[in-house]
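Let's take a walk through this protein together. Have a look at the sequence and the fold, and then read on.

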Amino acid sequence: MRTARLRTVHPVLWAGWAALAAGAVLCVIGWYGVSGERFAERQLPYLASCTVPGAALIVAGAVLLTHGRGALAAARVEELYGLLVAAEPADAEESGQDGAAPLAVSGDLLMVPGGTLWHRADCPLVAGKVEAVPVDAKLVRGGELGPCPICEPAEADD
């Protein structure tokens, strides 16, 4: 799946390479012309007609190549993002669910000493932490602890 933007990048890259090649040829011609003249006033036409435009073409080619490669990378990122957004989880099709399954369903409530939230025991924020302790009901009633926004434990579970 190629996007239209990806197809328009190739001419920019070709133009960049062509400008670099033309600039290099002009610089070589200018150098050859300057090297054959002894006096500076006879070297000036070669500088003005070949070397300076050749250097300008080299710079322009480098800019075109840089822009083309950046646009190519941006087009690839957009294409990958489109594929990522369009993809659906395979499990959702097989099970017939919306993919809105609860993250944690345990009835045991835990807290981390010094923390501000209380969690279900299987919440990813406290699962496997040895410092997690059962929730103190006084702290929950006093408003010092709030429910975790990830596992969303209900106060009725208290």
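What follows goes from the overall layout to the sheet, and then to a few details.

Before we start, keep in mind that this is a predicted model, where local features need pLDDT of at least 70, side-chain atom pairs count only at pLDDT 80 or more, and totals for chains, interfaces and linings use all residues. Residues are numbered from 1 along each chain as its sequence is written, and side-chain values use heavy atoms, with hydrogens and water left out.

So what is the protein built from? It has four helices and four strands; here helices (H or I, at least four residues) and strands (E, at least two) are DSSP runs, numbered from the N terminus. Follow the chain along the sequence and you'll meet them in the pattern α-α-α-β-β-β-α-β. Of the 158 residues in the protein, 23% are buried, where buried means under 20% relative accessible area, exposed over 50%, and partly exposed in between (1.4 Å probe, protein chains only). The accessible surface comes to about 10,900 Å², and carbon and sulfur atoms account for 63% of that; such areas come from the Shrake-Rupley method with a 1.4 Å probe, and for residues only the protein chains shown count as cover. As for contacts (heavy atoms within 4.5 Å), take those between residues at least 6 apart in sequence: 62% of them join residues at least 24 apart.

Now to the strands. In general, strands of a sheet pair through backbone hydrogen bonds, either parallel or antiparallel. In this protein the four strands make an open sheet, in the order β3-β1-β2-β4, with mixed pairing. Two strands count as paired if DSSP finds at least two bridges between them. The edges are β3 (133-134) and β4 (146-147), each pairing on one side only.

In the middle, strand β1 (residues 109-111) runs antiparallel to β2, and three bridges join them. One place to look is L110, whose bridge partner in β2 is H119. Five residues lie between the strands of this β1 and β2 hairpin, and there G114 takes a positive phi near 90°. With β4, things go the other way: β2 (residues 117-120) and β4 pair in the parallel sense, over two bridges. W118 has P147 as its bridge partner in β4, while L117 stands opposite G146 in β4.

Let's move on to helix α2 (residues 40-86), where you'll find L84. At 62% relative accessibility, L84 counts as exposed. Together with Y81 and V85, L84 forms a nonpolar surface patch with about 360 Å² of accessible area. Patches are made of residues with over 30% relative accessible area and no salt bridge: like charges are joined within 9 Å, nonpolar side chains (Val, Leu, Ile, Met, Phe, Trp, Tyr) within 5 Å.

And what about charges? A salt bridge is a side-chain nitrogen of Lys or Arg within 4 Å of a carboxyl oxygen of Asp or Glu, and by this rule the count is one. R42 pairs with E37, their closest N and O atoms being 3.7 Å apart. R42 is exposed, at 52% relative accessible area, whereas E37 is partly exposed at 21%.

Last come the cysteines. The structure holds zero disulfides, a disulfide being a pair of cysteine sulfur atoms within 2.5 Å. C123 is buried, with a relative accessible area of 0%, and C148 is buried too, at 2%.
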